[in-house]
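Biologist: I should like to learn how to read a protein-DNA model feature by feature. May we begin with the contacts and then turn to the architecture?

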There are 2 protein chains.
Amino acid sequence: MPTTPAHAKPRSSLRGRPAVTSHAEIEQAAFRLFVTKGFEATTLDDIGEAIGVGRRTITRYYPSKNDIPWGQFDRTLDGFREILRAMPEGLPLHEAVHRGVLAFNDFPADASPSHRDRMRLILTTPALQAHSVLRYASWREVIAEYVAERTGTRPDDLLPQTVGQVALALALTSYQAWLADEDASLPHLLDATMAHLRSYVSA
Amino acid sequence: MPTTPAHAKPRSSLRGRPAVTSHAEIEQAAFRLFVTKGFEATTLDDIGEAIGVGRRTITRYYPSKNDIPWGQFDRTLDGFREILRAMPEGLPLHEAVHRGVLAFNDFPADASPSHRDRMRLILTTPALQAHSVLRYASWREVIAEYVAERTGTRPDDLLPQTVGQVALALALTSYQAWLADEDASLPHLLDATMAHLRSYVSA
DNA sequence: ATCTTTTTGACCCCGAGTGTCATTAATGTG
DNA sequence: CACATTAATGACACTCGGGGTCAAAAAGAT
């Protein structure tokens, strides 16, 4: 998985003034400040000062302060789509989606802000909790499209939308528990919430 | 259900300068502007001007512009709690929760911004979609507490949290479909999403 | 050396949110 | 009635995020 964020255009030519910073540099400097000073207390000027760049430059790299912690998320959605497409046809739908979610959340352990730290920041900061809904929407859409394809419906029909929303619900619950328990395993928690759901609706 | 928002303190005495406006007046004036000019394009000054009041007064009545469309939502949570508490013990858990959600969403048809208009604004405006997660959290907590009580667990255990998240997922899916289809019935859609979920996980 | 391309930084303005404080408008008391 | 008390408002100032504009900077291309 490339570390280059989606915003980075392939740079049509090598002409022109070279970029003095990068998405990665901003993200890492920002992240350090977020965890030490707190997200709200960190201003864009702080981040700019930390890497010797103006505030206006930061806002050109990221559409908003809220988008910085998510980093290269958009990129990973293409991977998610492929994961789902590669699922065996014979698998029951809920099993396929569940395995897809598991695979999607199998992150490399060497990420620069660790996956856990990033998710902790996102899931415990109110402003980021709120903003993330907009990110989740495209994640849900990937699932809805897959379900629609497998069931011969349209992505905005009731079943695909329901499955997308529910899958997100389970993932969020699992992440929450994962952050609360220092030595919990995310895959295990994803299995557990799914198991709870199944027993819940069929009790 | 009283129309007085949660912010309104009972006014300890009748002394002092009388309030020149009210939460209700602000909400209705704001709502009219939101639907005509759009949420983003409506400034707090616009709202203040519409009811002859300063911008600072608006921000004292509502903690943020995003909170205005929700109106008296917090109040209704107490009602939700009672609805759930009144459910027959014998009912299967998922049935009890489902009926609770149905009852909670049985709104009087004469509300001032109609329930549908309010939900359309909230669910189609990105800033409000994002902000609303924070409201949903307390709604989910009501469900989690009920589930915890019935299953002898704690509200932050995995099952109650899962049920809370999933119930919200179903409700949001239903609302989305309700807004998309002019003559759809919300209760019917809530039933339908629940049915889809059941067949999905047990297929 | 000059032209072209691209990024940066320096301004600009706007709107939300928040703190402070004098002013206003009511009630209660002598 | 005059005066103290209480509570809400309005005016002002400030910070921060977001975004538009444009000249300057720094590279490659000719």
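Biologist: Which atom of DNA strand C does a polar side-chain atom of B:Arg55 approach, and at what distance?

Modeller: Please keep in mind throughout that this is a predicted model. For a polar contact, one asks which part of the residue and which part of the nucleotide are paired. Here a polar side-chain atom of B:Arg55 is placed 2.8 Å from a base nitrogen of DNA strand C. Two backbone contacts may be set beside that pair. A polar backbone atom of B:Arg17 is 3.4 Å from a base nitrogen of DNA strand C, and a polar backbone atom of A:Val20 is 3.1 Å from a phosphate oxygen of that strand.

Biologist: Which elements give two or more residues to the surface near DNA strand C?

Modeller: They are α3 (55-61) of chain A and α3 (55-61) of chain B. The greatest contribution, four residues, is that of α3(A). In total 27 residues lie around DNA strand C, and those that come nearest are A:Thr57, A:Arg60, A:Tyr61, B:Arg55 and B:Arg56.

Biologist: How should I read the chemical character of that surface, and what share of the DNA atoms near the protein belongs to sugar or phosphate?

Modeller: One reads the protein side by residue class and the DNA side by atom type. The surface near DNA strand C comprises eight nonpolar, 10 polar and nine charged residues. On the DNA side, 58% of the strand C atoms within 4 Å of the protein belong to sugar or phosphate, and the rest belong to bases.

Biologist: Turning to the other strand, which residues are closest to DNA strand D?

Modeller: The closest are A:Arg56, A:Lys65, B:Gly16, B:Thr57 and B:Arg60, out of 27 residues that surround DNA strand D. B:Thr57 also makes a polar contact, with a polar side-chain atom 2.7 Å from a phosphate oxygen of the strand. From chain A, a backbone N or O atom of A:Gly16 is 3.4 Å from a base nitrogen of DNA strand D, and a backbone N or O atom of A:Thr42 is 3.4 Å from a phosphate oxygen.

Biologist: Which element supplies the largest share of the surface near DNA strand D?

Modeller: That element is α3(B), with five residues. At least two residues each come from α3 of chain A and α3 of chain B. By class, the surface near DNA strand D holds eight nonpolar, nine polar and 10 charged residues. Sugar or phosphate accounts for 59% of the strand D atoms within 4 Å of the protein, with bases making up the rest.

Biologist: How is the relation between two copies of a chain read, and what turn lays chain A on chain B?

Modeller: One superposes the copies and examines the rotation, the shift and the residual. A turn of 180 degrees, with a shift of 0.0 Å along the axis, lays chain A on chain B with an RMSD of 0.1 Å. The two copies are therefore related as by a two-fold rotation axis. In chain A, the C-alpha nearest the axis belongs to A:Ala130, at 2.2 Å.

Biologist: Why can one say that the copies meet through the same surface?

Modeller: Because 100% of the interface residues of chain A are also interface residues in chain B.

Biologist: What is the fold of each partner built from, taking chain A as the example?

Modeller: Chain A has nine helices and zero strands. Its C-alpha trace spans about 60 × 40 × 30 Å along the principal axes.

Biologist: Finally, what volume has the largest pocket?

Modeller: Its volume is about 660 Å³. The lining has 27 residues, and A:Val133, A:Tyr136, A:Leu168, B:Val133 and B:Leu172 are the closest to the pocket centre. Helices α7 (126-151) and α8 (158-180) of chain A and α7 (126-151) and α8 (158-180) of chain B each supply at least two lining residues. The largest share, seven residues, comes from α8(B). By class, the lining divides into 14 nonpolar, nine polar and four charged residues.

Note on methods. Residues numbered from 1 in each chain as written. Chains lettered and ligands numbered in written order. Predicted model: local features only at pLDDT ≥ 70, side-chain atom pairs only at ≥ 80, totals over all residues. Heavy atoms only, no water. 1 Å grid on protein atoms, 1.4 Å probe; cavity = no way out; pocket = protein on both sides within 12 Å on 5 of 7 lines; lining within 4 Å. Points joined across faces, edges and corners; volume = space filled by probe spheres on them. Nonpolar A, V, L, I, M, F, W, Y, C, P; charged D, E, K, R; others polar. Least-squares fit on C-alpha atoms with pLDDT ≥ 70 in both. Contact = heavy atoms within 4.5 Å. Near = heavy atom within 4 Å. Polar contact = N/O pair within 3.5 Å; in protein donor to acceptor, adjacent residues only side chain to side chain.
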